[in-house]
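Trainee: I am new to this structure and would like to go through it step by step. Please show it first.

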Amino acid sequence: MNMQQRIVSEIELEKALDFLRDHARALGEAKARVVRAGHMLKHIEALEFKKSEATSNDRRQADARTSQAYLDAIVEDAEAAGAYETMKALREAIDAAIWATCSSEWVRALRA
C-alpha cells in the first residue's frame with residue numbers, strides 16, 4: 001500500500017497505540033480524581049454546614065456554600081473534570097484516527 005494513501009502513517013499509528021497504552025493509567029487516575037473531588041465537594045459542604053452557627057437550615061447551607069473551603073472544593077472539582085475530559089477527548093481523537101485508517105485500508109483491500 002502506498003503510504004500517501006493512508007490517513008495515518010505506520011509511524012503515527014505506532015505512536016498513537018503507544019500513547020493509548022502509556023496513558024491508560026493516567027486516564028484512570030484522572031477519573032479517580034474526578035470521583036474523589038465530587039465526593040469531597042459534598043463532604044466539605046456537610047462539614048461547613050455543621051460548623052455554621054446559623055439557626056435555619058437554609059442559612060446554614062448558605063454559610064457552607066459561601067465558605068472558602070467549599071469554593072476551593074469547587075475549583076478542584078472543576079479542574080479535575082477539565083483534566084479528565086481533555087485526556088478523554090485526546091484518546092477519542094486517537095481512536096478515531098486509528099479507526100479511520102484501518103477502515104480505509106479495509107475498504108481498499110475489499111475493492112482490490
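What follows is a set of questions and answers on the helices, the salt bridges and the surface.

Trainee: What kind of model is this, and where does residue numbering start along each chain?
Mentor: It is a predicted model, in which local features need pLDDT of at least 70, side-chain atom pairs count only at pLDDT 80 or more, and totals for chains, interfaces and linings use all residues. Side-chain values use heavy atoms, with hydrogens and water left out, and residues are numbered along each chain, as its sequence is written, from 1.

Trainee: In what order do the elements of the chain run from the N terminus?
Mentor: Helices (H or I, at least four residues) and strands (E, at least two) are DSSP runs, numbered from the N terminus. The chain has 4 helices and 0 strands. From the N terminus, the order of the elements is α-α-α-α.

Trainee: What percentage of the residues in the chain is buried?
Mentor: Buried means under 20% relative accessible area, exposed means over 50%, and partly exposed lies in between (1.4 Å probe, protein chains only). Of the 112 residues in the chain, the buried ones make up 22%.

Trainee: How do the axes of α2 and α3 lie to each other: parallel, antiparallel, perpendicular or oblique?
Mentor: Axes are lines fitted to C-alpha atoms, for helices over the stretch in contact, and angles run from 0 to 180 degrees between N-to-C directions. The axes of helix α2 (residues 24–51) and helix α3 (residues 57–65) come within 8 Å and cross at roughly 125°. Angles under 35 degrees count as roughly parallel, over 145 as roughly antiparallel, 65 to 115 as roughly perpendicular and the rest as oblique. The crossing angle therefore makes α2, relative to α3, oblique.

Trainee: Is the crossing of α2 and α3 left-handed or right-handed?
Mentor: A crossing is left-handed if the near helix is turned anticlockwise from the far one by less than a right angle, and right-handed if clockwise. Where α2 passes α3, the crossing is right-handed.

Trainee: How many salt bridges are there?
Mentor: Side chains of opposite charge can pair when their charged atoms come close. The rule asks for a side-chain nitrogen of Lys or Arg within 4 Å of a carboxyl oxygen of Asp or Glu. By this rule the number of salt bridges is 7.

Trainee: Which residue forms a salt bridge with K51?
Mentor: K51 is exposed, at 58% relative accessible area, whereas its partner is buried, at 15%. The two are 3 residues apart in helix α2, so about one helical turn separates them. The closest N and O atoms are 3.2 Å apart, and the partner is E48.

Trainee: What is the N to O distance in the salt bridge of D63 and R59?
Mentor: Both residues lie in helix α3, 4 residues apart, about one turn of the helix. D63 is partly exposed at 24% relative accessible area, and R59 is partly exposed at 48%. Their side chains meet at an N to O distance of 3.0 Å.

Trainee: Which residues are joined into one network by salt bridges that share partners?
Mentor: One salt bridge here is between R21 and D22, at 2.9 Å from N to O. R21 is exposed, with 55% relative accessible area, and D22 is partly exposed, with 48%. Through shared partners, the network joins D18, R21 and D22.

Trainee: Which residues make the nonpolar surface patch of about 220 Å²?
Mentor: Patches are made of residues with over 30% relative accessible area and no salt bridge, where like charges are joined within 9 Å and nonpolar side chains (Val, Leu, Ile, Met, Phe, Trp, Tyr) within 5 Å. Areas come from the Shrake-Rupley method with a 1.4 Å probe, and for residues only the protein chains shown count as cover. I74, in helix α4 (residues 68–111), is partly exposed at 35%. The patch is made by L71, I74 and V75.

Trainee: How far apart in space are the C-alpha atoms of G82 and V34?
Mentor: G82 is in helix α4 and is partly exposed, at 34% relative accessible area. In sequence, G82 and V34 are 48 residues apart, while in space their C-alpha atoms are separated by 9.0 Å.

Trainee: What C-alpha distance separates E76 and V34?
Mentor: E76 is in helix α4 and is partly exposed, at 28% relative accessible area. E76 and V34 are 42 residues apart along the chain, and their C-alpha atoms are separated by 8.7 Å.
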